[in-house]
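Please examine the sequence and the structure shown below. The report that follows treats the strands, one residue in a loop, and the backbone of two further residues.

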Amino acid sequence: MIVERPEPPVVGKVTHHSIELEWSHVKDRLAPSKRFRFTIQESDLTRRDWSTVYSGYGTYTTIENLEPSTEYNYRLCIINAENERSEFSQAVVIRTTSEFLFFIFFVGRLNIFILKIISIK
């Protein structure tokens with residue numbers, strides 16, 4: 001059985017140091033009686049080559065230890081029980097947030113929390 005080229009992974013939460021990726025939508029198109037392995041590869045503008053950041057049977061992962069304000073490319077490959085591989089999906093391009101915006105968001109939430117405690121008393 002030949003594995004067809006999958007759709008790209010779906011982007012979840014993005015922070016200044018991590019990106020969540022999910023590809024459960026791909027499983028809906030696969031034979032339910034078969035077991036499939038998934039590989040996620042990453043590339044950024046400083047590297048022209050791809051490196052594997054996830055390989056397993058799950059349908060989501062969180063890539064961590066990333067650089068703030070940096071673009072990353074991710075693509076997905078499916079491997080069936082006979083070790084036949086699909087072509088890689090089109091790459092999805094994601095930019096991590098800046099640390100400064102994350103800090104403002106966190107401090108802003110903390111201030112709101114403190115104000116709520118003071119207003120309750």
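## An open sheet of three strands

In this predicted model, an open sheet is formed by 3 strands in the order β1-β2-β5, and their pairing is antiparallel. The edge strands are β1 (10–14) and β5 (60–63), each of which pairs on one side only. On average, neighbouring strands of this sheet are turned by 20 degrees against each other, direction ignored. In general, strands of a sheet pair through backbone hydrogen bonds, either parallel or antiparallel.

Strand β2 comprises residues 19–22 and is joined to β1 by 3 bridges, the two strands running antiparallel. Within this pairing, V14 stands opposite I19 of β2.

## Strand β6 and its partners

Strand β6 covers residues 71–79 and is mostly covered, for 8 of its 9 residues are buried. With strand β3 (residues 37–44), β6 pairs in the antiparallel sense over 8 bridges. One position in this pairing is R37, whose bridge partner in β6 is I79.

Strand β6 also pairs with β7 in the antiparallel sense, over 4 bridges. Here N73 has V93 in β7 as its bridge partner.

## The surroundings of T96

T96 is placed in the loop between β7 (92–95) and α2 (99–120). Is this residue buried or exposed? T96 counts as buried because its relative accessibility is 3%, and buried means under 20%.

The side chain of T96 reaches two backbone atoms: the oxygen of E67 at 2.6 Å and the nitrogen of T70 at 3.0 Å. Leaving aside neighbours within four places in sequence, T96 is in contact with V14, T15, H16, I19, L66, E67, P68, S69, T70 and Y72. Among these contacts are V14 and I19, the residues that stand opposite each other where β1 and β2 pair.

## Positive phi between β5 and β6

Most residues other than glycine have a negative phi. Which phi value does N65 have? The phi of N65 is near 65 degrees, a positive value in a residue other than glycine. N65 is placed in the loop between β5 and β6, and it counts as exposed because its relative accessibility is 74%, where exposed means over 50%.

S69 lies in the loop between β5 and β6 as well. Although S69 is not a glycine, it has a positive phi of about 50 degrees. At 35% relative accessibility, S69 counts as partly exposed. S69 is also one of the residues in contact with T96.

Technical notes:
Residues are numbered from 1 along each chain as its sequence is written. This is a predicted model: local features need pLDDT of at least 70, side-chain atom pairs count only at pLDDT 80 or more; totals for chains, interfaces and linings use all residues. Side-chain values use heavy atoms; hydrogens and water are left out. Two strands pair if DSSP finds at least two bridges between them. Axes are lines fitted to C-alpha atoms, for helices over the stretch in contact, and angles run from 0 to 180 degrees between N-to-C directions. Buried means under 20% relative accessible area, exposed over 50%, partly exposed in between (1.4 Å probe, protein chains only). A polar contact is a pair of N or O atoms within 3.5 Å; within protein, one must be able to donate a hydrogen and the other to accept it, and residues adjacent in sequence count only if both atoms are side-chain atoms. Contact means heavy atoms within 4.5 Å.
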